[in-house]
Amino acid sequence: MASAYRLLPFHPAPALADLRLHVGVQLETAELRIHYRLEGPLHRLAIPASRSGPPQRRDGLWQATCFEAFIAQADRPSYWEINLSPSGDWNVYQLDGYREGLRPEAAIQALAWTAQRSPQQLQLGLCVPLAPLMGERQASPVLELGITAVLQERNGCCSYWAIRHTGPEADFHRRDS
């Protein structure tokens, strides 16, 4: 099953008006593939360069340009937050409920990812194995998925992008968003 989405900023900023962020999602039995495509004047953004060494699991990636996904089983309060920096650094967190019990997901020790960058386009691909997350809980769980991004301008201001924003402030953890 494949789907395509356009992410929108919580508060459109004039400096980022020419940016477009599209996401393709493909769900297969054992994995979730996500492809982010950011187009426009990327020189206006602070985008971490690719690492010279291997990507590292890191905390706090959402404080700068970062591409995210939130995955949950529809009938459970727990969920996972995935963060991927354009540098290749990443993290996968497990949460017990809405913003509760945040901790690194021990079942994931690396993420397969790809990156391509030009002056007007950044593409990131991510492959998330589902078996370590879902375990033996359910053979074909009904998943809820949130696809989001934080884009940091060169002046340090961050904008928050999602398929939709349903609250009074940007909050990627809201399931109705």
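In what sense do strand 1 and strand 2 pair, and over how many bridges? They run antiparallel to one another, and six bridges connect them. Keep in mind as you look around that this is a predicted model. Besides the strand pairing, the structure offers ten salt bridges to explore, and a few of them are picked out below.

**Strand pairing**

- Within the pairing of strand 1 (2–9) and strand 2 (20–27), which is antiparallel, you will find alanine 2 standing opposite glutamine 26 of strand 2.
- Strand 2 also pairs with strand 3 in the antiparallel sense, this time over eight bridges.
- The connection from strand 2 to strand 3 is a hairpin through three residues.
- For a handy landmark in this region, take histidine 22, whose bridge partner in strand 3 is arginine 37.

**Salt bridges between distant parts of the chain**

- Arginine 44 and aspartate 18 form a salt bridge, with 3.8 Å between their closest N and O atoms. This pair links distant parts of the chain, 26 residues apart: arginine 44 belongs to the loop between strand 3 (31–39) and strand 4 (66–73), while aspartate 18 belongs to the loop between strand 1 and strand 2.
- Arginine 44 counts as partly exposed because its relative accessibility is 31%. Aspartate 18 is also classed as partly exposed, at 43% relative accessibility.
- Arginine 58 forms a salt bridge with aspartate 89, and here the closest N and O atoms are 2.9 Å apart. Again the pair links distant parts of the chain, now 31 residues apart, with arginine 58 in the loop between strand 3 and strand 4 and aspartate 89 in the loop between strand 5 (79–84) and strand 6 (90–95).
- Is each partner buried or partly exposed? Arginine 58 is partly exposed, with a relative accessible area of 34%, whereas aspartate 89 has a relative accessible area of 6% and is therefore buried.

**Further salt bridges**

- Arginine 33 forms a salt bridge with glutamate 31, their closest N and O atoms lying 2.6 Å apart.
- Glutamate 31 has a relative accessible area of 18%, so it is buried, the cut-off being under 20%. Arginine 33, at 37% relative accessibility, counts as partly exposed.
- Arg20, Arg37 and Glu39 come together in a network of salt bridges. Arginine 37 is worth a second look, as this residue is also the bridge partner of histidine 22.

Definitions and conventions
Residues numbered from 1 in each chain as written. Predicted model: local features only at pLDDT ≥ 70, side-chain atom pairs only at ≥ 80, totals over all residues. Heavy atoms only, no water. Salt bridge = Lys/Arg side-chain N within 4 Å of Asp/Glu carboxyl O. Helix = DSSP H or I, 4+ residues; strand = E, 2+ residues; numbered from the N terminus. Buried < 20%, exposed > 50% of the residue type's maximum accessible area, 1.4 Å probe, protein only. Pairing = 2+ DSSP bridges.
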